[in-house]
Amino acid sequence: MLWKLLLRSQSCRLCSFKKMQSPPKYRPFLACFTYTTDRQSSKENTRTVEKLYKFSVDIRKIRRLKGWVLLEDKTYVEEIASILQELGADETAVASILERCPEAIVCSPTAVNTQRKLWQLVCKNEEELIKLIEQFPESFFTIKDQENQKLNVQFFQELELKNVVISRLLTTASNVFHNPVEKNKQMVRILQESYLDVGGSEANMKVWLLKLLSQNPFILLNSPAAIKETLEFLQEQGFTSFEILQLLSKLKGFLFQLCPRSIQNSISFSKNVFKCTDHDLKQLVLKCPALLYYSVPVLEDRMQGLLREGISIAQIRETPMVLELTPQIVQYRIRKLNSLGYRIKDGHLANLNGSKKEFEANFGKIQAKKVRPLFNPVAPLNVEE
């Protein structure tokens, strides 16, 4: 009976405490969020919003990503949509482009048409152009230095870089086209001279340069001094001109993205792990330039991944190219080989190595040997009549 009285007393105190509480000083978070959205909406250009709705654009996405465009006084929604439609974009494509790249509506139609003509220099037709714009709208609507971009496109065409490669560079390495054309020309000359200085031939230089620019155009953003410094450092490490030429042929321009300190750290790490002489290490590097290219943390992670799978340092040293594979790829390939009863840690790593296509081809050969019948039951027998 006593505990019931105590419980009732505490309940009454709690009720009286709730009545004494003052209303909350702060509005709930959701209410504040709604207020902020409403305040932003009140400042938006209503004509812009209405025109975007007309083209089935999701305004919420624009508010979330780049709401500032909705606050602009001057926009060109209908004009930009019209240009895209002229190129063959349907309603869904137009909406998608404007949602992912809303700043397109603040670009002047004149500038966009100039950009259109520029990109048409490397596109076969308008269908190809609109596909590129759909995939990379931000690259297309980054409208600046248009005359300089045009000069760079013409320069790359003079180098005989294919238009399909130039169009890819426009979308994925647009900074290269904003470089002054004279700087790009200077960097190309430096690369050509560097290739020839280490013993490369004029005939091979052109092929090397075109591959370099198509695979790693960002090399043009480097400085001539950085390229010279890298080559001098490799020579100081005992690499001959011929060996440096081999590295250039394998690594293309990626070699020039490495700083001497990074190369030195990678060399020291590999030398310590493999317990080899300077001469032996050079041979390993020539077989697997990744020993220079990858940083110490990456090399260490990949080395540990191989060791966890039971692979020895001696095996890695024999086939260092396996370090080009990520730990995840190594695990996947080892499981596949194990499914056929092939124990990679007891054999050679050649079957583990290579590109995806090369590995699948080797795997298919091993699999065929495992399932091949002892005799062909449909083959004709040599029986004397």
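The protein chain folds into 23 helices and zero strands. This is a predicted model, so every value below is computed from it. Of the 385 residues in the chain, 41% count as buried. Among contacts with a separation of 6 or more, 72% join residues that are 24 or more positions apart. Here is a friendly walk through some places to look at.

**Helix α5 and its packing**

- Helix α5 covers residues 77–86, and its buried residues include Val77, Ile80, Ala81, Ile83 and Leu84.
- These residues span an arc of only 155° around the axis, so they sit on the same side of α5.
- The buried residues of α5 pack against four helices: α3 (46–54), α6, α7 and α8.
- Just after α5 comes Gly88, which has a positive phi of about 110°.

**A network around Lys66, Glu103 and Glu138**

- Salt bridges link Lys66, Glu103 and Glu138 in a network.
- Within this group, the side chains of Glu138 and Lys66 form a salt bridge with an N to O distance of 3.2 Å.
- Glu138 belongs to helix α9 (residues 137–140) and Lys66 to helix α4 (residues 59–66), so their pairing ties together parts that lie 72 residues apart in sequence.
- Glu138 has a relative accessible area of 40%, so it is partly exposed.
- Lys66 is partly exposed too, because its relative accessible area is 22%.
- Glu103 sits in the loop between α6 (91–100) and α7.
- Is Glu103 buried or exposed? Its relative accessibility is 16%, and buried means under 20%, so Glu103 counts as buried.
- Apart from neighbours within four places in sequence, Glu103 contacts Lys66, Trp68, Val69 and Glu138.

**Other salt bridges to find**

- The model has 14 salt bridges by the counting rule used here.
- One of them joins the side chains of Glu126 and Arg116, with 3.1 Å from N to O.
- This pair links distant parts of the chain, with Glu126 in helix α8 (residues 126–135) and Arg116 in helix α7, ten residues apart.
- The partners have their own settings: Glu126 is partly exposed at a relative accessible area of 31%, whereas Arg116 is buried at 12%.
- Another salt bridge forms between Asp280 and Arg317, whose closest N and O atoms are 3.5 Å apart.
- Here the link runs between distant parts of the chain, from Asp280 in helix α18 (residues 278–287) to Arg317 in helix α21 (residues 313–318), 37 residues apart.
- Asp280 is partly exposed at 30% relative accessibility, and Arg317 is partly exposed with a relative accessible area of 30%.

**Ile227, a buried residue**

- You will find Ile227 in helix α15 (residues 224–236).
- With a relative accessible area of 1%, Ile227 is buried, because buried means under 20%.
- Which residues does Ile227 touch, not counting residues up to four places away in sequence? They are Met187, Ile190, Leu191, Ser194 and Phe256.
- Ile227 and Gln257 are 30 residues apart along the chain, and their C-alpha atoms are separated by 8.1 Å.

**The cavity**

- How many cavities of 30 Å³ or more does the count give? The count comes to one.
- The largest cavity has a volume of about 40 Å³.
- Its lining is made of Gln115, Trp119, Ser139, Thr142, Gln149, Leu170, Ser174 and His178.
- Two helices, α7 (109–120) and α12 (174–178), each supply at least two residues of the lining of the largest cavity.
- By class, this lining has two nonpolar and six polar residues, with no charged residues.

Key. Residues numbered from 1 in each chain as written. Predicted model: local features only at pLDDT ≥ 70, side-chain atom pairs only at ≥ 80, totals over all residues. Heavy atoms only, no water. 1 Å grid on protein atoms, 1.4 Å probe; cavity = no way out; pocket = protein on both sides within 12 Å on 5 of 7 lines; lining within 4 Å. Points joined across faces, edges and corners; volume = space filled by probe spheres on them. Nonpolar A, V, L, I, M, F, W, Y, C, P; charged D, E, K, R; others polar. Buried < 20%, exposed > 50% of the residue type's maximum accessible area, 1.4 Å probe, protein only. Contact = heavy atoms within 4.5 Å. Salt bridge = Lys/Arg side-chain N within 4 Å of Asp/Glu carboxyl O. Arc of directions from axis to C-beta.
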